[in-house]
Each structure stands twice: as C-alpha cells, then as structure tokens.
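Visitor: Before any discussion begins, may I see the sequence together with the structure?

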Amino acid sequence: MTKKRIVLTFSSALVDQPLTYHLVKDYDLMVNILRGVVTPNQPGRLVVEISGKKKNLEDGLHYLEGLGVEIQSLAQDIRWHEDKCTQCTACIPICPTKALNVNRDTMEVSYDKDRCIACELCIAVCPFKALDIQF
Ligand code: SF4
Ligand code: SF4
C-alpha cells in the first residue's frame, strides 16, 4: 500500500470532470480530498491524499497527467502566525486560492487553512516571517 499527499491543478475545462471518481473506479485507489478550490471558469486545485497499490497509484497519476493535470507533492502545511502579522497585505495578491484574504472594510488579514494548497508562494513575500512551513 502506497500513500501520497499531492496538489492537483487543472484547467477550467476539467473542472466538471469526475477525476477522483475515475481514480477510485478505474484504478482502485482511495482518494481523500483534504482541501479543494473549484470555481467555475477558473483553474481548479485539489489537495488530496491518495492511497492504493503502487502500480495503481502510478497508473492513476499518469492518467491525470495525460489529461493535463499538474501534479505537485505536498509534504507540509503552512502556518500563519497572527501575532507576527502586521496586516501589511503584501501576501494577498499572491495567494492563488484566497486562503490569505483581507476584509476590505476593516483591512484585517485572515488565513483560511481549508483553502490553502501549500504552494508556499506567500512565504517569500512576507517581510515579517508571519508565514512558515509546518513539518
Ligand atoms: S501557501 Fe500561502 S499563497 Fe499558497 S495557498 Fe497557502 S496561504 Fe495561499
Ligand atoms: S505579508 Fe505577512 S505580515 Fe503582511 S499581511 Fe501577509 S502574513 Fe501578514
């Protein structure tokens, strides 16, 4: 039994496709969706844990790649240290899933872990080290 945590990024044309259903049905894999952002006419992103026989897992991932799905390994989670955050908003435009968001009325920054796909883009732009990787 092999288990992988991965990020799947796919074009808006594939958003309506039952990708995880095919992994389960055709490749006998178990798919646990950890987080997901699927918005009409936008690229979709899913953070999933997939487990099954090694060969089935390889074949299932090849199937996804054949459809044009980008696959990245996910080895860690992101932590937001609210106490270090100065609400500067530098991270807001770079976050692709709006896991980091700002309330335009109060200008308060917030972090929604359920939307985070651990792409790590925010870490480099935060001048106050309020974001880091949790191993
Ligand atoms: S790692 Fe940072 S930039 Fe990427 S989705 Fe999570 S909060 Fe947003
Ligand atoms: S870049 Fe860092 S300090 Fe600025 S709002 Fe984002 S988390 Fe807070």
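Guide: A residue counts as near a molecule if one of its heavy atoms lies within 4 Å of it. This is a predicted model, and the ligand surroundings are described on that basis.

Visitor: Which residues are the closest to ligand 1?
Guide: With the cut-off of 4 Å, 13 residues surround ligand 1. By class, eleven of the shell are nonpolar, one is polar and one is charged. The closest are C95, C116, C119, E120 and C122.

Visitor: How many charged residues does the shell around ligand 2 have?
Guide: The surroundings of ligand 2 comprise 14 residues, with C85, C88, T89, C91 and C126 coming nearest. Divided by class, the shell has eleven nonpolar and three polar residues. The number of charged residues is no more than this division leaves: none, that is, no charged residues.

Visitor: What pattern do the helices and strands follow along the sequence?
Guide: The protein has three helices and eight strands. Its C-alpha atoms fill a box of roughly 50 × 35 × 20 Å along the principal axes. Read along the sequence, the pattern is β-α-β-β-α-β-β-β-β-α-β.

Visitor: What share of the contacts with a separation of 6 or more comes from residues 24 or more positions apart?
Guide: Contact here means heavy atoms within 4.5 Å. Among the contacts in the protein with a separation of 6 or more, residues 24 or more positions apart account for 67%.

Visitor: What percentage of the accessible surface belongs to carbon and sulfur atoms?
Guide: Of the 135 residues of the protein, 36% count as buried. The accessible surface comes to about 8,100 Å². The part belonging to carbon and sulfur atoms is 50%.

Visitor: Which residue of β4 stands opposite I6?
Guide: Strand β1, residues 2-10, pairs with strand β3, residues 44-52, in the antiparallel sense over nine bridges. In β3, the bridge partner of I6 is V48. Strand β1 is also joined to strand β4, residues 70-73, by four bridges, and these two run antiparallel. The residue of β4 opposite I6 is S73.

Visitor: Is T9 buried or exposed?
Guide: T9 lies in strand β1. Not counting residues up to four places away in sequence, T9 touches G44, R45, G68, V69, E70 and Q72. Its relative accessible area is 14%, and the limit for a buried residue is under 20%. T9 is therefore buried.

Visitor: Which residues does N56 contact, leaving aside its neighbours within four places in sequence?
Guide: N56 lies in helix α2, residues 54-66. Because its relative accessible area is 18%, N56 is buried. With neighbours within four places in sequence left aside, the contacts of N56 are Y27, D28 and L29.

Visitor: What is the relative accessible area of D77?
Guide: D77 is found in strand β5. Not counting residues up to four places away in sequence, D77 touches R5, R35, K113, D132, I133 and Q134. The C-alpha atoms of D77 and I123, 46 residues apart along the chain, are separated by 12 Å. D77 is buried, and its relative accessible area is 15%.

Visitor: Which residues make up the covered face of strand β7?
Guide: In a regular strand the side chains alternate between the two faces of the sheet. In strand β7, residues 108-111, the uncovered face has E108 and S110. The covered face has V109 and Y111.

Visitor: Which residue in the turn between β6 and β7 has a positive phi?
Guide: Strand β6, residues 100-103, pairs with β7 in the antiparallel sense over four bridges. N103 stands opposite E108 in β7. The two strands form a hairpin with four residues between them, and the turn residue with a positive phi, of about 60°, is M107.

Visitor: Which residues of the largest nonpolar core touch the most other members?
Guide: The largest nonpolar core has 21 residues, and those touching the most other members are I78, W80, L100, Y111 and L131. β5 (77-80), β6 and β7 each supply at least two residues of this core. A second, separate core of 15 residues includes L23, L57, L61 and L64. For the largest core, the residues asked for are thus I78, W80, L100, Y111 and L131.

Visitor: Which residues does L131 contact beyond its neighbours within four places in sequence?
Guide: L131 is one of the core residues that touch the most other members. Leaving aside neighbours within four places in sequence, its contacts are I78, R79, W80, C91, L100, C122, I123 and C126.

Key: Residues are numbered from 1 along each chain as its sequence is written. Chains are lettered from A and ligands numbered from 1 in the order in which they are written. This is a predicted model: local features need pLDDT of at least 70, side-chain atom pairs count only at pLDDT 80 or more; totals for chains, interfaces and linings use all residues. Side-chain values use heavy atoms; hydrogens and water are left out. Ala, Val, Leu, Ile, Met, Phe, Trp, Tyr, Cys and Pro count as nonpolar, Asp, Glu, Lys and Arg as charged, and the others, Gly among them, as polar. Buried means under 20% relative accessible area, exposed over 50%, partly exposed in between (1.4 Å probe, protein chains only). Two strands pair if DSSP finds at least two bridges between them. A nonpolar core is a set of buried Ala, Val, Leu, Ile, Met, Phe, Trp, Tyr and Cys residues joined through side-chain atoms within 4.5 Å. Accessible areas come from the Shrake-Rupley method with a 1.4 Å probe; for residues, only the protein chains shown count as cover.
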